[in-house]
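Subject: Structure for your files

Hello,

Here is the structure I said I would pass on. My notes on it follow below.

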Amino acid sequence: ATGSWQVDLVENPDILASIIPLKTTQYVLGFAAETQQVLEHATQKLEHKQLDAILANQVGKPGTGFNAEENEATLLRPHQQAVHFNKQSKHDLALQVWQEILKNQK
């Protein structure tokens with residue numbers, strides 16, 4: 001087939017922005033997949049969206065992120081020290097993030 005194709009794109013709604021006003025006792029963790037200035041952009045999202053925490057990682061880094069079995073990330077929370085998680089399986093990373101969040105909820 002020959003001819004031209006056109007794809008119309010629409011902006012996705014900001015899901016986090018829509019759930020924050022509904023928050024009562026829930027813990028809201030956002031995710032920031034960034035290509036550059038990872039911690040700076042994630043911190044801005046954390047503050048702007050009024051999240052309890054945000055997990056930031058750099059995309060495009062070989063061997064981590066999308067289309068990879070492993071990842072590394074940094075957990076940011078208001079008024080707390082950032083916690084970096086070294087490269088590991090995504091399952092183990094998720095477990096470590098969960099344990100870090102739980103230990104600070106007591």
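Two strands are taken to pair if DSSP finds at least two bridges between them. The model is a predicted one, and on that criterion strand E1 (residues 29-34) is joined to strand E2 (residues 53-58) by 6 bridges, the two running parallel. Within this pairing, Gly30 has Ile54 in E2 as its bridge partner. To get from E1 to E2 the chain passes through helix H2 (residues 38-48), and the β-α-β crossover made in this way is right-handed.

The side chains of E1 alternate along the strand. Gly30, Ala32 and Glu34 point to one face and are buried, whereas Leu29, Phe31 and Ala33 point to the other face and are not buried. In a regular strand, side chains alternate between the two faces of the sheet.

A second pairing involves strand E3 (residues 70-76) and strand E4 (residues 83-89), which are antiparallel and share 5 bridges. Ala73 stands opposite Phe85 in E4. E3 and E4 form a hairpin with 6 residues between them, and His79 in the turn has a positive phi of about 60°.

Now the helix. Which residues of H2 are buried? They are Val38, Ala42 and Leu46. Seen down the axis of H2, the buried residues fall within an arc of 60°, so they line one face of the helix. These buried residues pack against E1, E2 and E3. On the other side of H2, Gln44, Glu47 and His48 are exposed. After H2 comes Gln50, with a positive phi near 55°.

On the interior: the largest nonpolar core has 11 residues, namely Leu16, Ile20, Val28, Ala32, Val38, Ala42, Leu46, Leu51, Ile54, Ala56 and Leu76. H2 and E2 each supply at least two residues of this core, and H2 gives the most, with 3 residues. Leaving aside residues up to four places away in sequence, Val38 touches Ala56, Asn57 and Gln58. Another core, of 8 residues, lies apart from the largest one; among its members are Leu55, Ala73, Val97 and Ile101. In soluble globular proteins, nonpolar side chains tend to be buried together.

Several residues turn up in more than one place. Ala32 lies on the buried face of E1 and belongs to the largest core. Ile54, the bridge partner of Gly30, is also in the largest core. Ala73, opposite Phe85, is in the core of 8 residues.

Regards

Methods: Residues are numbered from 1 along each chain as its sequence is written. This is a predicted model: local features need pLDDT of at least 70, side-chain atom pairs count only at pLDDT 80 or more; totals for chains, interfaces and linings use all residues. Side-chain values use heavy atoms; hydrogens and water are left out. Buried means under 20% relative accessible area, exposed over 50%, partly exposed in between (1.4 Å probe, protein chains only). Helices (H or I, at least four residues) and strands (E, at least two) are DSSP runs, numbered from the N terminus. A crossover is right-handed if, with the strands pointing away from the viewer, the path from the first strand over the helix to the second runs clockwise. A nonpolar core is a set of buried Ala, Val, Leu, Ile, Met, Phe, Trp, Tyr and Cys residues joined through side-chain atoms within 4.5 Å. Contact means heavy atoms within 4.5 Å. The arc is that of the directions from the helix axis to the C-beta atoms.
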